[in-house]
Each structure stands twice: as structure tokens, then as C-alpha cells.
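I opened the model and went through it from confidence to surface. My entries follow in the order of looking.

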Amino acid sequence: VGAALLLPLGVGAAAVHLLAEGGGSGEADADDVASTVAQVQAVEYSRTALSWTLHYAGALLSFAGAAHWGMQLAEFGVPRRSDYMALYYLSRFSAPVVFVFF
């Protein structure tokens, strides 16, 4: 299932590069209007493929973040009692402040 979710990212990355290359590899003169229109359309398709790929990647990241956040709220990933809980809470609450200010 994980590979199936990542497949659109690979296809999108390939489409962005293949569509951008297809727009610039015309055999006709640079003055040819049809060639120029085809190049512009290929670039626009490439940008659309890039946009879709980025939106899909954002959706995957938000889902992964929501799943991790939900597991943390349910205390699924952290034991309720441990000798190292003080270190865990120290890093949990001070690390964001350190990253923001430095």
C-alpha cells in the first residue's frame, strides 16, 4: 500500500521533466508559430503536473502528521511511566523554542 501511495509522486516527477523537455525539442524554426504554441503548452502542462504533485505530497504529509499527532495524543508511542519521562518532557517543550529562536 505504501508503494502505491508513493507512485503518483514518481509519475509526477517524471511527467514534469518529460513535458518540459518535450516543449523545447522542436525541429522547426524558432519563428514557427505552431512550434512556439506547442512549447508554451508543454511548459504549462509541466507546471500543472508539478502543481498536482506538490499538492498530493502536501496531502500525504498532512495525513502522516495527523496520524502521528493522534498517536501522541493517545499516548500510543510513549509509555505512561518511564525513568526517562523527564528528559522526554524537557525535549518536547524546549526543542520548539530553541528551533524558533536560533
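Entry 1, confidence. I looked up pLDDT (the predictor's confidence in each residue, from 0 to 100) and found an average of 81 for the protein chain, with 85% of the residues at 70 or above. This is a predicted model, in which local features need pLDDT of at least 70 and side-chain atom pairs count only at pLDDT 80 or more, while totals for chains, interfaces and linings use all residues. Residues are numbered from 1 along each chain as its sequence is written, and side-chain values use heavy atoms, with hydrogens and water left out.

Entry 2, elements. I counted three helices and zero strands in the protein chain; these are DSSP runs numbered from the N terminus (helices H or I, at least four residues; strands E, at least two). The order from the N terminus is α-α-α. Of the elements, helix H2 (residues 33-73) has the highest mean pLDDT, 88, and helix H3 (residues 85-101) the lowest, 77. I note that where pLDDT is low, the predicted coordinates should not be read in detail.

Entry 3, helix H2. I checked the span of H2: its 41 residues reach 60 Å from first C-alpha to last, close to the 60 Å expected. The expected span is 1.5 Å times one less than the number of residues. After H2 comes Glu-75, with a positive phi near 55°.

Entry 4, burial. I took buried as under 20% relative accessible area, exposed as over 50% and partly exposed as in between (1.4 Å probe, protein chains only). Buried residues are 10% of the 102 in the protein chain. In H2 the buried ones are Ser-35, Ala-42, Ser-46, Ala-49 and Thr-53.

Entry 5, Ser-46. Why does Ser-46 count as buried? Ser-46 does so because its relative accessibility is 8%. Setting aside neighbours within four places in sequence, I find Ser-46 in contact (heavy atoms within 4.5 Å) with Val-16, Leu-19 and Ala-20.

Entry 6, contacts overall. Among contacts in the protein chain with a separation of 6 or more, 55% join residues 24 or more positions apart.

Entry 7, surface. The accessible surface of the protein chain is about 8400 Å², and carbon and sulfur atoms hold 70% of that; areas come from the Shrake-Rupley method with a 1.4 Å probe.

Entry 8, Leu-90. Is Leu-90 buried or exposed? Leu-90, which sits in helix H3, is exposed, at a relative accessible area of 53%.
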